[in-house]
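User: I am new to this structure and would like to learn how to read its features step by step. Could we begin with contacts between charged side chains?

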Amino acid sequence: MVSADTARTILGVLGNIIALCMFLSPVPTFIQIWKKKAVEQYSPVPYLATLVNCMVWALYGLPMVHPDSFLVLTINGAGTGIEIVYIIIFLIYTERQKRPRVLLVLLIEAIFITVLTVLVLTVARTLKERSMIVGIICIMFNIMMYASPLAVMKLVLATKSVEYMPFFLSLACFANGVIWVAYALIRFDPFIVVPNGIGTLFGMAQLILYASFYKSTKRQIAERKSKGEVDLSGVTVVGREDSRKIGSALQNGRP
């Protein structure tokens with residue numbers, strides 16, 4: 001029979017794999033941003049929230065804060081690096097007036113994690129105190145990470161379209177929450193159970209929205225494409241002036 005520690009390790013490794021898939025799930029979105037040279041309606045909020053969440057959990061996984069949490073440390077260290085890459089790409093292709101706000105949030109996050117690390121390692125004397133302080137903060141930021149797509153969910157409800165809510169990110173969030181809840185229940189850790197239980201519910205809500213508006217999204221995309229074809233069908237290229245008209249028509253036909 002598999003021991004509790006072995007089962008916990010297996011779930012932890014599986015949780016690392018699923019969490020890595022979750023961190024990598026926006027890759028198609030950023031490839032699209034790179035090809036279009038624009039972020040369109042994509043929001044930086046989920047990536048900023050995930051970044052600070054990963055940094056806090058990496059702190060929680062340190063041996064001098066919460067021993068025997070190596071798997072928590074590894075995946076969140078990797079997640080920190082991945083989210084930084086996403087945010088850099090977002091900054092490159094976002095509108096110039098939006099960059100200062102994103103940079104300000106990044107600065108605040110960096111100051112926060114630096115101050116927290118110094119205070120925890122110098123003021124809190126015991127592992128129990130350090131685990132409790134960082135664990136409570138982890139709960140808050142983990143819930144914020146899972147709840148960050150709420151802005152996108154609001155857009156989905158308003159537009160009846162899931163075009164800007166990446167499916168694989170929603171699926172990965174749901175699966176990640178389920179696995180880490182199971183991991184934390186074997187050797188009960190409330191700081192992992194609570195936020196990931198809530199995250200499971202948020203992920204389920206996103207998947208329900210995706211299923212509800214998938215067909216209407218396809219219809220909207222098809223309608224935009226058909227309108228674009230009609231707008232361009234009567235244009236005849238004669239010279240430079242007409243080419244400008246075509247460019248204008250293409251821009252008007254964009255989503």
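Analyst: A salt bridge is counted when a side-chain nitrogen of Lys or Arg lies within 4 Å of a carboxyl oxygen of Asp or Glu. The general idea is that side chains of opposite charge can pair when their charged atoms come close. Please keep in mind that this is a predicted model. By this rule the count comes to two salt bridges.

User: Which residue forms a salt bridge with aspartate 5, and how many Å apart are the closest N and O atoms?

Analyst: The partner of aspartate 5 is arginine 187, and their closest N and O atoms are 2.6 Å apart. Arginine 187 sits in the loop between α8 and α9 while aspartate 5 belongs to helix α1 (residues 4-24), so the pair ties together parts that are 182 residues apart in sequence.

User: Is arginine 187 buried or partly exposed, and what relative accessibility does aspartate 5 have?

Analyst: Buried means under 20% relative accessible area and exposed means over 50%, with partly exposed in between. Arginine 187, with a relative accessible area of 38%, is therefore partly exposed, and aspartate 5 counts as partly exposed at 47%.

User: Which side chain meets lysine 36 in a salt bridge?

Analyst: Lysine 36 meets the side chain of glutamate 40, at 3.4 Å from N to O. Lysine 36 is partly exposed, with a relative accessible area of 41%, and glutamate 40 is partly exposed too, with 31%.

User: How should I read the overall fold, and how many helices and strands does the protein chain have?

Analyst: A useful way to start is to list the elements in sequence order. The protein chain has ten helices and zero strands, and its pattern along the sequence reads α-α-α-α-α-α-α-α-α-α. Of the 255 residues in the protein chain, 42% are buried.

User: How can I see which parts of the chain come together in space?

Analyst: One can compare the separation of two residues along the chain with the distance between their C-alpha atoms. Valine 178, which is found in helix α8, is 163 residues from glycine 15 along the chain, yet their C-alpha atoms are separated by 8.9 Å. Leucine 157, in helix α7 (residues 150-159), is 52 residues from leucine 209 in sequence, and the two are 8.2 Å apart in space, C-alpha to C-alpha. Valine 178 counts as partly exposed at 38% relative accessibility, and leucine 157 likewise counts as partly exposed, at 48%.

User: Which residues make the nonpolar surface patch?

Analyst: The patch, of about 650 Å², is made by Leu104, Leu107, Ile108, Ile111, Val115, Leu119 and Val123. Valine 123 lies in the loop between α5 (99-122) and α6 (127-147), and its relative accessibility of 57% is why valine 123 counts as exposed.

User: Finally, how much space lies in the largest pocket, and which helix gives the most to its lining?

Analyst: A pocket can be read by its volume first and then by the residues around it. The largest pocket holds about 430 Å³ of space. It is lined by 18 residues, of which Gln32, Tyr42, Val162, Glu163 and Tyr210 are the closest to its centre. Helices α2 (27-36), α8 (167-186) and α9 (190-233) each supply at least two residues of this lining, and α9 gives the most, with six residues. By class, the lining has eleven nonpolar, four polar and three charged residues.

Note on methods: Residues numbered from 1 in each chain as written. Predicted model: local features only at pLDDT ≥ 70, side-chain atom pairs only at ≥ 80, totals over all residues. Heavy atoms only, no water. Patch = residues over 30% accessible without salt bridge, like charges linked within 9 Å, V, L, I, M, F, W, Y side chains within 5 Å. Areas by Shrake-Rupley, 256 points an atom, 1.4 Å probe, with all protein chains shown as cover. Helix = DSSP H or I, 4+ residues; strand = E, 2+ residues; numbered from the N terminus. Buried < 20%, exposed > 50% of the residue type's maximum accessible area, 1.4 Å probe, protein only. 1 Å grid on protein atoms, 1.4 Å probe; cavity = no way out; pocket = protein on both sides within 12 Å on 5 of 7 lines; lining within 4 Å. Points joined across faces, edges and corners; volume = space filled by probe spheres on them. Nonpolar A, V, L, I, M, F, W, Y, C, P; charged D, E, K, R; others polar.
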